[in-house]
Amino acid sequence: MLAFAKSQVDYVLGSNPRGISYLVGYGTKYPKRVHHRGASILSYKVNKGFIGCTQGYDCWYGKQADNPNVLVGAVVGGPDLQDGFRDVRGNFMQTEACTYNTAPLVGVFAKLRRLEELKAHRTSPTRPTHVAWVM
């Protein structure tokens, strides 16, 4: 079961037919037009003008350019059943970043990391022969 979970993580991170990471900001090839308002409009530091819902939609939503803000760490919806993926902001089914995409992956990352730590500890030549617990 753990091998399957790792294979799915590897797939999300780029070991897939498209060679794309669905974790934004990971690797060199990842979604650049994430369906996310904060990622797709200019920062207030750059544009001090008011950007409400209407302005964001009218001025930024339809642009073909990459998002001006990279949403590092977000997981997008991902590919369709044939591994197709259209990196288009309006393609919300595939490019929207949601907590319900990202949160489960964080848990899997934590588990895999812990297993690697335990494995390294078991194989370490400098491992102590006993452990003293201090309260």
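**A tour of two pockets**

Begin by selecting helix 1 (2–12) and helix 5 (99–123), each of which supplies at least two residues to the lining of the largest pocket. Bear in mind throughout that the model on screen is a predicted one. Of these elements, colour helix 1 with particular care, since the largest share of that lining, five residues, comes from helix 1.

With the helices displayed, turn to the space itself: the largest pocket has a volume of about 320 Å³. To find its centre, show Gln8, Val12, Val75, Asn101 and Leu105 as sticks, these being the closest to the centre among the 15 residues that line the largest pocket. If you then colour the lining of the largest pocket by residue class, you should find 11 nonpolar and four polar residues, and no charged ones.

Next, move to the second largest pocket, which holds about 160 Å³ of space. Its lining can be selected in full as His35, His36, Arg37, Ser40, Ile41, Cys53, Gly56, Tyr57, Tyr61 and Arg89. The elements that contribute two or more residues to this lining are helix 2 (37–40) and helix 3 (53–61). Highlight helix 3 next, as it gives the most to the lining of the second largest pocket, with four residues.

Finally, apply the colouring by class here as well: the lining of the second largest pocket comprises four nonpolar, four polar and two charged residues, whereas the lining of the largest pocket has no charged residues.

Conventions: Residues are numbered from 1 along each chain as its sequence is written. This is a predicted model: local features need pLDDT of at least 70, side-chain atom pairs count only at pLDDT 80 or more; totals for chains, interfaces and linings use all residues. Side-chain values use heavy atoms; hydrogens and water are left out. On a 1 Å grid over the protein atoms alone, a cavity is a set of points where a 1.4 Å probe fits but cannot get out, and a pocket is an open set with protein on both sides within 12 Å along at least five of seven lines; lining residues have an atom within 4 Å of a point. Grid points are joined across faces, edges and corners, and a volume is the space filled by probe spheres set on the points. Ala, Val, Leu, Ile, Met, Phe, Trp, Tyr, Cys and Pro count as nonpolar, Asp, Glu, Lys and Arg as charged, and the others, Gly among them, as polar.
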